Amino acid sequence: MINEIVSFANNVLWGEYQVLIYILVFAGVWFSLRLRFIQLRHFAYMFKVMKGSTQGDKSGISSYQALCTGLSARVGTGNLAGVAMAISLGGSGAVFWMWVIALLGMATGFAESILGQLYKVRDDHKEYRGGPAYYIRAGLNKPWLAVLFALCLFLGYGISFSAMQANTITDALNHTFEISSVYSGAVITVIAGIIVMGGLRSIARFAELIVPFMGLAFILAAVAVTLINIQQVPAVLMDIFNSAFGLTEAGAGALGAAIKNGIQRGLYSNEAGAGSVPHAAAGATPVPNHPVAQGYVQMLGVFIDTMVLCSCTAIVILLAQGNIGSEMEGIRITQNAMTHHMGMSGDMFVAIIITLFSFTSVVANYAYAESNLHLFKLDNIYGRTGYTLLYLGMVYWGANASLKEVWNMADMALGLMTVVNISALMLLTPTIVNLTRDYQIKLHATNKPEFKLADVKIQGKTEDGVWS
């Protein structure tokens, strides 16, 4: 029965009707137009706003930590196994559509992150909490829709996503080192439990240490592979663009598969519009002290995730001259490609990198779902203990489950979250536009925008004492 429900939902969202693809493209175009293509006009400013981003206060984490936390959730299975699956199912043209959805998604990610900042609250421990459920409740005054999103989030980030990341880790370790998933799954579960017990700050500190190291290591490896095979690169790029528009021998029949798989796996990787990253954005103390500052930070996160890291995976696979494996091999496709370039050391390198990529996602996913316990008044020892045990149980289950089962459940959860979140973003567009205009006016006037609630017309109301 459960498998039938999951299959039906995925057929509506991703399959025959492809509802989510239309929604995502529309949202990306909508916010790109309403924000006057801010992802292109202010591309350089995304990097500039990171100046002073390591500063924070006791109520939250720094913008840099928020970026690393967002990246730790984004950068995972989607960057290595997801890209490989997109190429194996949709051809090289899927890479182009991943780029398209990322460029559009940068505007969507900007919009949802500034709302996460604006409508954040302080919990009983004086720490910031926020996310789509919070801005739906406070901005739209629709508590039932907030509850619906939170339930979808628990299904996704609290249950299936971490299970899927654990599955990828154990599969990679078993393939390369022949380590039993029973043992590796147990180790993953124990270490994750130790880290998440410290809450968002502990997860953010872990992320800011690991994410830059693992990202840089993978980029350098991809650059080395590219330089070694530099003569093949023009042909690979030409193949990506030809396949993206059905101009190869496969023709238009492959065009739909390229678009579908590129957008689906692109969303899974960068999460723009899914409503996950606003939880990290809400926890930050932005510099400058304005909600829009965190929008730029998380927009940069979308760019790094897909335009940089996913592109690295794609070029490694496509330069392997078709050595991409079969449909459901997942991470093994990327391992096979890197082995083609670097020998057995390439296989080991990918196993280690995917372990780091996926494990950081495992712990960040916990923080996203845990932040919504406050919404249900369950952010006490009993609520947190119950959720933590469920989360760790799903991590261990995922480590030993079949890949297809886990991916299907993750796709459904992500799709449902995205539908609810984008619906809310559309309704809150006036607030998003007003906030952005206020920031840009003050930026040109003072070069250091400071947010004052009285200066901006917003929908609903924020919590007293946060932005008063």
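This short talk walks through helix H17 of a predicted model, together with the salt bridges, the cavity and the surface patch that involve this helix.

Let me begin with the helix itself. H17 runs over residues 344–370, and its 27 residues reach 40 Å from the first C-alpha to the last, which is close to the 39 Å expected at 1.5 Å a residue. As for its surroundings, H17 is mostly covered, with 20 of its 27 residues buried.

Now to the salt bridges, of which a search of the whole structure finds four. One of them joins glutamate 370 to arginine 129, with 2.8 Å between the closest N and O atoms. This pair links distant parts of the chain, since glutamate 370 sits in helix H17 and arginine 129 in strand S3, 241 residues apart. Both glutamate 370 and arginine 129 are buried.

Glutamate 370 has another partner, for its side chain also meets that of arginine 384 in a salt bridge, at 3.1 Å from N to O. Here, too, distant parts of the chain are linked, with arginine 384 in helix H18 and glutamate 370 in helix H17, 14 residues apart. Which residues, then, make up the network of salt bridges? They are Arg129, Glu370 and Arg384. The burial classes within this network deserve a careful statement: glutamate 370 has a relative accessible area of 6% and is therefore classed as buried, whereas arginine 384, at 23%, is classed as partly exposed, because the buried class ends at 20%.

For another of the salt bridges we leave H17 and go to helix H20, residues 429–446. Aspartate 438 forms a salt bridge with lysine 442, the closest N and O atoms being 3.4 Å apart. Because these two residues are four apart in H20, about one helical turn separates them. Aspartate 438 and lysine 442 are both buried.

Let me turn to internal space. The search of the whole structure finds four cavities of 30 Å³ or more, and the largest cavity holds about 80 Å³ of space. Which element gives the most to the lining of that largest cavity? It is H17, with three residues, while strand S3 (128–129) and helix H14 (278–282) are also among the elements that each supply at least two. The lining includes Tyr128, His279, Ala280, Ala367 and Tyr368, and, to return to the salt bridges, both Arg129 and Glu370 also line this cavity.

On the outside, H17 takes part in something else. Phe177, Ile179, Val182, Tyr183, Met348, Ile352 and Tyr396 form a nonpolar patch on the surface, with about 640 Å² of accessible area together. Helix H10 (181–196) and helix H17 each supply at least two residues of this patch. Isoleucine 179, by contrast with a helical position, lies in the loop between helix H9 (143–177) and H10, and it counts as partly exposed because its relative accessibility is 32%.

Finally, the loop that follows our helix. Lysine 377 lies between H17 and helix H18 (381–400), and with a relative accessible area of 70% this lysine is exposed. Lysine 377 and histidine 290 are 87 residues apart in sequence, and their C-alpha atoms are 28 Å apart in space.

To close, H17 contributes residues to the nonpolar patch, to the lining of the largest cavity and, through glutamate 370, to salt bridges with arginine 129 and arginine 384.

Conventions. Residues are numbered from 1 along each chain as its sequence is written. Side-chain values use heavy atoms; hydrogens and water are left out. Patches are made of residues with over 30% relative accessible area and no salt bridge: like charges are joined within 9 Å, nonpolar side chains (Val, Leu, Ile, Met, Phe, Trp, Tyr) within 5 Å. Accessible areas come from the Shrake-Rupley method with a 1.4 Å probe; for residues, only the protein chains shown count as cover. Buried means under 20% relative accessible area, exposed over 50%, partly exposed in between (1.4 Å probe, protein chains only). The expected span of a helix is 1.5 Å times one less than its number of residues. On a 1 Å grid over the protein atoms alone, a cavity is a set of points where a 1.4 Å probe fits but cannot get out, and a pocket is an open set with protein on both sides within 12 Å along at least five of seven lines; lining residues have an atom within 4 Å of a point. Grid points are joined across faces, edges and corners, and a volume is the space filled by probe spheres set on the points.
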